[in-house]
Amino acid sequence: MWKTAALARAFLLRPRASLSSRWSATSNPDGIVGVSQQGLATFKSGSFTEEDSHANVGSISPQAEEEVVIAIGGNVGDRVQNFNRALEMLRTAGIRVTGHASLYESAAAYITDQPSFLNSAVKARTRLDPHSLLRELKRIESELGRIQGGVRYGPRPIDLDILYYGAVTVTTESLEIPHPRIAERPFVLAPLVDLLDPETVEVNPGSWTKHPSVEGGSIQNAWKVTFGGETCVGKEGLKRVLPLGKTLWDWSQRTHIMGILNITPDSFSDGGSFLGVDSAVEQVRKMVSEGADFIDLGAQSTRPGARRLTTAEELDRLLPVLDALAKAPGLDGVCLSVDTFDARVADEAVSRGVHIVNDVSGGTLDPEMWNTVAKLGVPYICMHMRGNPLTMQNKLNTQYSNVCSDVAAELASSIKSAELAGIPSWRLITDPGLGFAKTVEQNVDLIRQLPAFREQLSWRNKAASNAPILIGPSRKGFLGKLCGIPKAEDRDFATAAAVAIAISGGANIIRAHNVRAAHDAIKFADAVYKVTS
């Protein structure tokens, strides 16, 4: 049993600095106000008329924005869709979401005889004062079907709580900030810690990270000391998940396989092998029977020097195969990914049943990609690449001061832009991009130092570092150069070695041409490195 009561009391009794600021004791419609910047001040306002109250409401200057943290939860109805709608309604209300935590599924607390909850949190910017923000969140809850005044801790389609409002502490009859039960709830602490990105912590006074409970380490200590930090994730009561089709995918228990289907005449390994619809469908069937969890279909070659197709050319290759797969007996449950950096191709593919968009450019080759994926609401594989297939291997694009740190920094920048476009962290899969704008030595360094890559990404975006990491060494040229194997199809043994080492470093998805060989390597590597209790 977690010892939460003492920690919760310590959190509530934490030292509060007394600092002057633009915040003061003013009235609000509740008649009781207590607001201070980095401190606690409670003021009984006495009796106010409605006119007095509106005349004296404390608010932020229209020019100023505060950084807020909002917890999101729910366990009734289509939980993921409720989250999606809540995020859209926040944006419509002028609450600008700037970062997302991971998504967690947790057992119900307090009243345990009810469905499991989904939980996350976002950080956002708003000009609304705390009570106006609270009213806006209550409005969103009501529009999404929550009945106000229902059973406390009972089932609900959506729950929006203000965890932090800048560095401000608020205590009134209707609102306490920070939320008083943060320290006793692992399903709140986990997403909250996800939003603490050391390198990107705001330095201005409006940042929530300047609140004494954060600066003093109370949040971090509650997560690590009381609940065990990352060790409690993946257990029965708290799982990190990614929405995938109609399921919630927990990728922590084993390494997953993404089988490659190139519908191209010029891919480096199997170009021309599966241009026919019948041969493509049979290859999918073969890969699924050998253990593939996903099938990644690509109609645009991304080998070094490949010509960029028009959208129409790419769709002409891709759509007949997608239509055939939709009708193929026994393949209706296969999870499909589209390998494209063209937003219009991604849009059309998802409309034909594809579940994941795999963008080797990380959004850099089509300015509409992030907005398109945000609208589609599907998982997004964000890969690191410099330049394009024609230029990615030139001298300029393969210069790094430190390949792990530089790739992490550039990928984090792309992920930040994707988030601002509306793709939450809980729909991201990251890929450091083996073979794309990397020399032989740099590819080896990335595989060898995969834990360092994840750590560097964590420094810049904690939630993104929690996401599944996809690694694609399959039959690539750096393996051929290292092992002296000129033909790509002869590199499966070298691929298996790279796969095992990547799994030892924390890879979650392996992209492979030879699914059977990869499956065997993964089974053994998982037995060694994926120790589950």
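**Strands, a kinked helix and two cores**

Strand S5 and strand S7 (residues 117-126) run antiparallel and are joined by four bridges. The model in which they are seen is a predicted one. One of the residues to look for here is His100, whose bridge partner in S7 is Val122. Strand S5 itself covers residues 96-100 and is mostly covered, with four of its five residues buried.

Further along the chain is helix H9, made up of the 17 residues 311-327. From its first C-alpha to its last, H9 reaches 24 Å, close to the 24 Å expected at 1.5 Å a residue. The helix also has a kink of about 30 degrees, which lies at Leu318, shortly before the proline Pro320. Leu318 is one of the buried residues of H9; the others are Thr311, Glu314, Leu315, Leu319, Val321, Leu322 and Leu325. What do the buried residues of H9 pack against? Their neighbours are two helices, H8 (277-289) and H10 (343-351), together with the strands S13 (256-262), S14 (294-298) and S15 (335-339).

Leu318 appears again in the largest nonpolar core, which has 78 residues. Along with Leu261, Ile295, Leu297, Val357 and Tyr380, Leu318 touches the most other members of this core. The largest share of the core comes from helix H12 (residues 403-421), which supplies eight residues. A second, separate core holds 29 residues, including Val68, Leu90, Leu133 and Leu160.

Ile295 shows what such contacts look like around a single residue. Leaving aside residues up to four places away in sequence, Ile295 touches Gly259, Leu261, Val284, Met287, Val288, Val334, Cys335, Leu336 and Ser337.

The last feature is the aromatic rings. How many aromatic pairs does the structure hold? There are four. In one of them, Tyr164 and Trp208 lie 5.3 Å apart from centre to centre, with 45 degrees between the planes, and the pair is tilted. The two residues are 44 residues apart and link distant parts of the chain: Tyr164 belongs to strand S8 (residues 159-165), while Trp208 sits in the loop between helix H5 (186-194) and helix H6 (212-215). Both Tyr164 and Trp208 are buried.

Why is the pair of Trp249 and Trp251 tilted? The ring centres are 5.8 Å apart and the planes stand at 55 degrees, so the pair counts as tilted, a term that applies when the angle is neither under 30 degrees nor over 60. Trp249 and Trp251 are both buried, and with Phe294 they form one aromatic cluster.

Note on methods:
Residues are numbered from 1 along each chain as its sequence is written. This is a predicted model: local features need pLDDT of at least 70, side-chain atom pairs count only at pLDDT 80 or more; totals for chains, interfaces and linings use all residues. Side-chain values use heavy atoms; hydrogens and water are left out. The expected span of a helix is 1.5 Å times one less than its number of residues. The bend at a residue is the angle between axes fitted to the seven residues ending there and the seven starting there. Buried means under 20% relative accessible area, exposed over 50%, partly exposed in between (1.4 Å probe, protein chains only). Contact means heavy atoms within 4.5 Å. Two strands pair if DSSP finds at least two bridges between them. A nonpolar core is a set of buried Ala, Val, Leu, Ile, Met, Phe, Trp, Tyr and Cys residues joined through side-chain atoms within 4.5 Å. Rings of Phe, Tyr and Trp (its six-membered ring) pair if their centres lie within 6.5 Å; planes under 30 degrees apart count as stacked, over 60 as edge-to-face and the rest as tilted.
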